[in-house]
2 protein chains.
Amino acid sequence: MNYQIIEILEKYQIKPTPMRMLVLEQLRIARKLLSLSEIEAILYPADRVTIYRTLQTFVRKRIAHMVDTLHTGAVYGLCTDSCIGAEHCDEHPHFICEYCKTITCTNDFSYIIRKNLTTAQNYEIHKIEVTIKGICPNCTSKR
Amino acid sequence: MNYQIIEILEKYQIKPTPMRMLVLEQLRIARKLLSLSEIEAILYPADRVTIYRTLQTFVRKRIAHMVDTLHTGAVYGLCTDSCIGAEHCDEHPHFICEYCKTITCTNDFSYIIRKNLTTAQNYEIHKIEVTIKGICPNCTSKR
DNA sequence: TAATCAAGTGCAATGGTGTTGCATTTTATC
DNA sequence: GATAAAATGCAACACCATTGCACTTGATTA
């Protein structure tokens, strides 16, 4: 189990310290994107700043991506299978369920946006963030 | 000039106080979305909280919409001509130029996202936020 | 016109999140 | 084992959103 985590960290050239292993483990366990505060609560009494910097390292090393939406705060998630590798994929729309508060990834539409804006209007696009709020299929049935 | 502003406010059933007229005027003058702090700076020494509540009122009364992206903070803009009326339109993608920091509205792609997620996957969508970061056509030539 | 009430405003203060500086601890290297 | 580099933990700060409360303004009614 831990060996697997260490393996992943080393694959991304991240020194496998205890804190980093803990944070990575949580990102792997979680079935949703996690905020700094959520991770902080899970790993209490681990230091907030250290987790913050760990997440920064993860984003920099492209093992995880960050989605920033104001009223939920920034959240972090591991890149999915489809984006493991050379590309840092944080462009799939993120769906925030207003019922269960879960943040999940949905299909990627960014290529449509990218294509339109770059070819037709000469925008130079660095990052596309799509955030969708509503009720997820899970919760639709629960209500 | 002021009569026009008063007219607009009354159209949206907002009592035309001096502060509200000032804020609305700035939103109209600005060719981009404005943050609370930007409006605060323009209207100095007007009270931040009052402007904040004025903007809340504007959003509630659907004369303006809010876009929230973390690292720029929340920004506000008047609904465009195409969305004046019954519908509160805040779903066009917002483009943040990393050079001039200007936030502008771009074409609307949300219908694509909405259609796909609702018909194919049973999501109930309340709000779509698309934020794009990069360099706008204006600044591309300047560099 | 004066009294009354609701709405709007301004000041003070709080809470949350992101962020930095610095001293200490841990880890890697020689 | 000594030294250097990286990671960590604590304290503190900055910024923004937000609330509480007292005061002012403006509208309504007696």
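Which helices and strands of chains A and B each supply at least two residues of the surface near DNA strand C? They are α3 (36-42), α4 (48-60) and β3 (73-78) of chain A together with α2 (18-29) and α4 (48-60) of chain B. Helices (H or I, at least four residues) and strands (E, at least two) are DSSP runs, numbered from the N terminus.

This is a predicted model, in which local features need pLDDT of at least 70, side-chain atom pairs count only at pLDDT 80 or more, and totals for chains, interfaces and linings use all residues. Residues are numbered from 1 along each chain as its sequence is written, and chains are lettered from A and ligands numbered from 1 in the order in which they are written.

A residue is near a strand if its C-beta atom, placed from the backbone, lies within 6 Å of it. For DNA strand D, α2 and α4 of chain A and α3 (36-42), α4 and β3 (73-78) of chain B each supply at least two residues.

| DNA strand | Residues around it | Closest residues | Largest contribution |
|---|---|---|---|
| C | 19 residues | A:Leu36, A:Ala74, B:Thr17, B:Met19 and B:Thr50 | α4(B), four residues |
| D | 17 residues | A:Thr17, A:Met19, A:Val49, A:Thr50 and B:Ala74 | α4(A), four residues |

The surface near DNA strand C has eight nonpolar, six polar and five charged residues; that near DNA strand D has eight nonpolar, five polar and four charged. Ala, Val, Leu, Ile, Met, Phe, Trp, Tyr, Cys and Pro count as nonpolar, Asp, Glu, Lys and Arg as charged, and the others, Gly among them, as polar.

Within chain A, α2(A) packs against α4(A) at about 75°, with axes 10 Å apart.

Technical notes. Axes are lines fitted to C-alpha atoms, for helices over the stretch in contact, and angles run from 0 to 180 degrees between N-to-C directions.
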